[in-house]
There are 2 protein chains.
Amino acid sequence: MGGHSMATLRDVAREAGVSVATASRAINGLGNVTAPTRAAVMAAVKKLNFVPHSGARSLTRRKTDTVGVILPDLFGEFFSEIIRGIDLVAHESGMHLLLGNMHGSTHETAAAIAAMRGRVDGLLVMPPDLKPELLADYLDPALPTVLLNYDAGPLDLPFVAVDNYQGAYRMTEALLARGAKQVVHIAGPKHNRDARDRQRGFTDAMAKIGGVRTPAILPGDFSEESGAQAARLLVQGQLPADAVFAANDQMAVGLIAALAEAGKSVPGDIMVAGFDDIPLARHLNPSLSTMQVHIDRLGSTAMMMLLRMLRGETLGAANATILTPELIVRGTTGGPIADGVAGGGQP
Amino acid sequence: MGGHSMATLRDVAREAGVSVATASRAINGLGNVTAPTRAAVMAAVKKLNFVPHSGARSLTRRKTDTVGVILPDLFGEFFSEIIRGIDLVAHESGMHLLLGNMHGSTHETAAAIAAMRGRVDGLLVMPPDLKPELLADYLDPALPTVLLNYDAGPLDLPFVAVDNYQGAYRMTEALLARGAKQVVHIAGPKHNRDARDRQRGFTDAMAKIGGVRTPAILPGDFSEESGAQAARLLVQGQLPADAVFAANDQMAVGLIAALAEAGKSVPGDIMVAGFDDIPLARHLNPSLSTMQVHIDRLGSTAMMMLLRMLRGETLGAANATILTPELIVRGTTGGPIADGVAGGGQP
DNA sequence: CTGTAAAGAGTAACCGGTTACAACGTCCAA
DNA sequence: TTGGACGTTGTAACCGGTTACTCTTTACAG
């Protein structure tokens, strides 16, 4: 109802017969307003259907109650989980989320960050493959910022990351403990930080525990199809292997399907392991062994750090949080060993 | 580098020795500025590391280049797909997304919408179970708004929805065509619009095609667990059934697992069908027959409509788009029938 | 040589709120 | 009665940009 564009504070003030200052004070519940005056203002608010203009408000208050979130192009699961984690914490503090769209290119990243100025109180950024120096140029040092999955050492910014190296190391260790002699790794995209760390973890574990200097590594790009491709290479190339460790679950899924087509049994002929624990993992048949990453915690932890900064604390790289993934043993590696640890099982 | 808080246009103007107006024009590339003047301004911009304050800018321009997105608490897959769809289109037009957090409660919905005022140029709202009248109170009639999965008839707002009724009808039809005599439906949450429409589609199809007046319907809530529960009821209660149509895939997944535990074979003893086509569906063993809903298109279509409105077009309920889900026949209903229609098959 | 148009640059109002400061009125003590 | 303290309300500046309008200056036609 009412006019074309919305009522402003001035309109309310006029309607209530008071000044804008008084109207503002009444609306914001500041003490120094008489009861009848406040009532008059409130009546005008109701009548005109007034809603404060958050844009204008944040200009003077120098506070937007919004945090900017800049993520790269993410595969569904990961994206939604991280946002969910952020939102969970943000919501409790009445914060809104402004999603910047940086689709790949470095240039767009800069633009996305610039567009945030004056619209957010803080920033959550996940710079996929950006040099720290460049990042420094883009970021406003006065704007509280937390990095996701990225250690920008020299910048001294707080960050939250997953211990990919450790996770890959432990998974490889587990495969070897299961009796695998020839473990093959399917790597992720070359430029990708997570992928590289996982590969290093694998290589190191193979060297230190398995005593293998140059383990076999097949290329991949985190996609299901690239996992299938690796499987074909494996089978046709006669590459000897009794276990495959894919850098993520997605590829493991493609791998398993392709192995099945080639007549190989999992885990009979070959064991398979992934990384991430996507929801699909437990539903596969056999179910997929993997390293569980609580992606949502990545987001919620980062958001909590940012909130602390907004409250005035000064956080730096020293406050970084490293999340350790958890080993989940399922069917593709032969199932959990009943070594008397876990209780509650049927005799 | 530089001072504590960022440089303003005034600072730039002073540094370049021109007025703010000229600085503004130079920065925005308006024609009426001499080359040397523009150069001087640009130099100052570089030197001071100036980035325009989007908040202030949008106040005068009356344009924020942002659309507000208000969604209920959504299960992961759905949420991320819808956002992805929206972002895809928004990004092309250089728009940003402001996520409002309305976690369930009606009161929060109102707050979320109100908080958007002055921060967005338009709104994309998915009101889960809100009465149209209430919605009318909350929404600003002057703000272009598109509804998701919601037909607010009397409000005359454009919306995008999935034809749940039609989809359920067609799926039921398909099950009957497969020879099922006793089809049981597992319903979704009572208050949920989609769930109700799907149930109606099922009931009508059973009546018109199957000649069954009161088909068996088991309660559910869209969760995996409720699907499993339904399976137990089915088996223990000796409810005669040769096919089950779950109102969504999630429940179908739980159902299948529980049926397997009970020693029932799918599709041998009993056929199973779902709705949504979540990524998991094709990976199950046997793979799940379902109605494919392109959730991302729900988002992208809505965003495209909103863009048209922002360009000045006037859209109403008459411009609604109804997305028709597609029947995907897979293993849980016995696999596609090779009835000579689809080409390209091996002889 | 003068009149005028066009282009470049400046002044100040404005977007819609918030808030420092001043003005006003009331009540009470001296 | 008067002065001071206190509490309510109004005036106006301000947040950081944009832009209508005005003032100069320069170029060019008459």
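This report walks through a predicted model of two protein chains with DNA strands C and D.

## DNA strand C

Start with strand C. It is surrounded by 27 residues. The closest are A:Leu9, A:Arg10, A:Thr60, B:Thr34 and B:Thr37. Sugar and phosphate make up 61% of the atoms of DNA strand C that come within 4 Å of the protein.

Several polar approaches can be picked out. The side chain of A:Arg10 places an N or O atom 2.4 Å from a base nitrogen of DNA strand C. The side chain of B:Thr34 has an N or O atom 2.6 Å from a phosphate oxygen of the strand. A:His53 takes part through its backbone: a polar backbone atom there is 3.5 Å from a sugar or linking oxygen of DNA strand C.

## The surface near strand C

Which elements each supply at least two residues of the surface near DNA strand C? From chain A they are α1 (9–16), α2 (20–27) and α4 (54–61). From chain B they are α2 (20–27) and α4 (54–61). The largest share comes from α4(A), with 5 residues.

The make-up of this surface is mixed. It divides into 10 nonpolar, 11 polar and 6 charged residues.

## DNA strand D

Now turn to strand D. Here 28 residues surround the DNA. The closest are A:Thr37, B:Leu9, B:Arg10, B:Arg57 and B:Thr60. Of the atoms of DNA strand D within 4 Å of the protein, sugar or phosphate holds 61%, and bases hold the rest.

Three side chains of chain A can be followed to phosphate oxygens of this strand. A:Thr34 has a side-chain N or O atom 2.7 Å from a phosphate oxygen of DNA strand D. For A:Arg62, the distance from a side-chain N or O atom to a phosphate oxygen of the strand is 2.7 Å. A:Arg117 brings a polar side-chain atom to 2.9 Å from a phosphate oxygen of DNA strand D.

The elements giving two or more residues to the surface near strand D are α2 and α4 of chain A, and α1 (9–16), α2 and α4 of chain B. The largest share, 5 residues, belongs to α4(B). By type, the surface divides into 11 nonpolar, 11 polar and 6 charged residues.

## A buried arginine: B:Arg119

B:Arg119 sits in the loop between α6 (106–116) and β3 (122–125) of chain B. Where is the nearest side chain of opposite charge? It belongs to A:Asp65, 5.7 Å away. B:Arg119 is buried, yet has no salt bridge. A salt bridge needs the charged atoms within 4 Å, so a distance of 5.7 Å does not qualify.

Its side chain does make a polar contact, of 3.5 Å, with the side chain of A:Thr66. Beyond its neighbours within four places in sequence, B:Arg119 is in contact with residues of both chains. From chain A these are A:Ser54, A:Gly55, A:Thr64 and A:Thr66. From chain B they are B:Thr64, B:Thr66 and B:Leu98.

## The loop between β9 and β10

In chain A, A:Pro286 lies in the loop between β9 (271–273) and β10 (290–292). The peptide bond from A:Asn285 to A:Pro286 is cis, and its omega is near -5°. In chain B, B:Pro286 lies in the loop between β9 (271–273) and β10 (290–292). A cis peptide bond joins B:Asn285 to B:Pro286 there, with omega about 0°.

The chain B loop between β9 and β10 also holds B:Asp276 and B:Asp277. Each has a positive phi without being a glycine. The value is near 125° for B:Asp276 and near 60° for B:Asp277. Are these residues buried or exposed? B:Asp276 has a relative accessible area of 12%, so it is buried. B:Asp277 counts as buried because its relative accessibility is 11%.

## A residue on α8: A:Glu173

A:Glu173 is part of helix α8 (residues 164–177) of chain A. Its relative accessible area is 35%, so A:Glu173 is partly exposed. A:Val89 is 84 residues away along the chain. The C-alpha atoms of A:Glu173 and A:Val89 are separated by 35 Å.

Notes
Residues numbered from 1 in each chain as written. Chains lettered and ligands numbered in written order. Predicted model: local features only at pLDDT ≥ 70, side-chain atom pairs only at ≥ 80, totals over all residues. Heavy atoms only, no water. Helix = DSSP H or I, 4+ residues; strand = E, 2+ residues; numbered from the N terminus. Buried < 20%, exposed > 50% of the residue type's maximum accessible area, 1.4 Å probe, protein only. Lys, Arg positive; Asp, Glu negative; His and termini not counted. Polar contact = N/O pair within 3.5 Å; in protein donor to acceptor, adjacent residues only side chain to side chain. Contact = heavy atoms within 4.5 Å. Near = heavy atom within 4 Å. Nonpolar A, V, L, I, M, F, W, Y, C, P; charged D, E, K, R; others polar.
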